[in-house]
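Thanks for coming. I have one model to go through today, so please look at the screen and I will start.

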Amino acid sequence: RDTNFGIQRPLVPVVAISWYEANAYCQWLHSHWDACQEARQNPDLQAGMLRLPTEREWEEAAGGIQPEGRYVWDAPGKVTTDLNEVMRRANVSESGLERTTPVHKYPWGQSTLGVWDMAGNVSEWQANIWSYDDMDCVVRGGSWFDDWDCARAAVRVGFVPGIFDGTIGFRVVCFAI
């Protein structure tokens, strides 16, 4: 019922969802794919697997993490250093919006591979854990609450998988058959 999040704003990413819930949604979506709007909009797409991305897959969609400090929209060898340019391309704390925005709001923020909203707006759960010594799950991309430095492609943070946080959401990866 929060007017900044949830059903009150249907065109923005879902937040305050745990890693477990994000995975459960992926399983549900796979089981109900044929009845979903996405399936009707993509009649030639047969979903073989739907799940959270691994960090490696996320990094590839982001166009890589090198050079150090690059953002997902940066051309090879380039690094954005101007805060105003970042705010033109991503919903970060310096933008002052203090909530999520529709994915289509920042067309200049697409990754070099054309993937939308990978920097700022919502930090995204990844399929993998932080490390073998730490069972936290990884989030990538930075959020509307994070400083612009946290929206860089190489930034990764670990969270307890059961946490509900208004800055963390998820992205679904679809493997076609």
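**Contacts, cores and backbone**

Let me start with contacts, meaning heavy atoms within 4.5 Å. In the protein chain, 62% of the contacts with a separation of 6 or more are made by residues 24 or more positions apart.

Before going on, the ground rules. This is a predicted model, in which local features need pLDDT of at least 70 and side-chain atom pairs count only at pLDDT 80 or more, while totals for chains, interfaces and linings use all residues. Residues are numbered from 1 along each chain as its sequence is written, and side-chain values use heavy atoms, with hydrogens and water left out.

Now the overall layout. The protein chain has four helices and six strands, where helices (H or I, at least four residues) and strands (E, at least two) are DSSP runs numbered from the N terminus. Their order from the N terminus is α-α-β-α-α-β-β-β-β-β. The C-alpha trace spans about 45 × 40 × 35 Å along its principal axes. The radius of gyration, taken over C-alpha atoms, is 16 Å, which agrees with the value near 16 Å for a compact globule of 177 residues. That globule rule is 2.2 Å times the number of residues to the power 0.38.

How much of the chain is buried? Of the 177 residues, 39% count as buried. Here buried means under 20% relative accessible area, exposed over 50%, and partly exposed in between, with a 1.4 Å probe and protein chains only.

On to the cores. A nonpolar core is a set of buried Ala, Val, Leu, Ile, Met, Phe, Trp, Tyr and Cys residues joined through side-chain atoms within 4.5 Å. The largest has 14 residues, and those touching the most other members are Tyr71, Val72, Trp73, Val86, Val92, Met118 and Ala119. Apart from that core lies another, of 10 residues, including Trp19, Leu52, Val139 and Ile168. In soluble globular proteins, nonpolar side chains tend to be buried together.

Take Met118 from the largest core. Beyond residues up to four places away in sequence, Met118 touches Trp58, Ala61, Ala62, Val72, Ser111, Glu124, Gly141 and Arg171. One of these partners, Ser111, sits in the loop between helix H4 (83–89) and S2. Ser111 is buried because its relative accessible area is 5%. With the same kind of neighbours set aside, those up to four places away, Ser111 touches Ala61, Ala62, Val72, Trp73 and Met118.

From the other core, Trp19 lies in helix H1 (residues 19–31). At a relative accessible area of 18%, Trp19 is buried. Leaving out neighbours within four places in sequence, Trp19 is in contact with Leu52, Trp125, Gln126, Ala127, Cys137 and Pro161.

Which residues does Ser123 contact, beyond its neighbours within four places in sequence? They are Val139, Arg140, Gly142, Ser143, Asp146, Thr167, Ile168 and Gly169. Ser123 belongs to strand S2 (residues 123–131) and, at 6% relative accessibility, counts as buried.

Last, the backbone. Gln66 and Pro67 are joined by a cis peptide bond, with omega about 5 degrees. Pro67 is in the loop between helix H3 (55–61) and H4. Ala16, in the segment before H1, has a positive phi of about 60 degrees although it is not a glycine. Glu98, in the loop between H4 and S2, also has a positive phi, near 60 degrees. Ala16 counts as partly exposed at 38% relative accessibility, and Glu98 as exposed at 60%.
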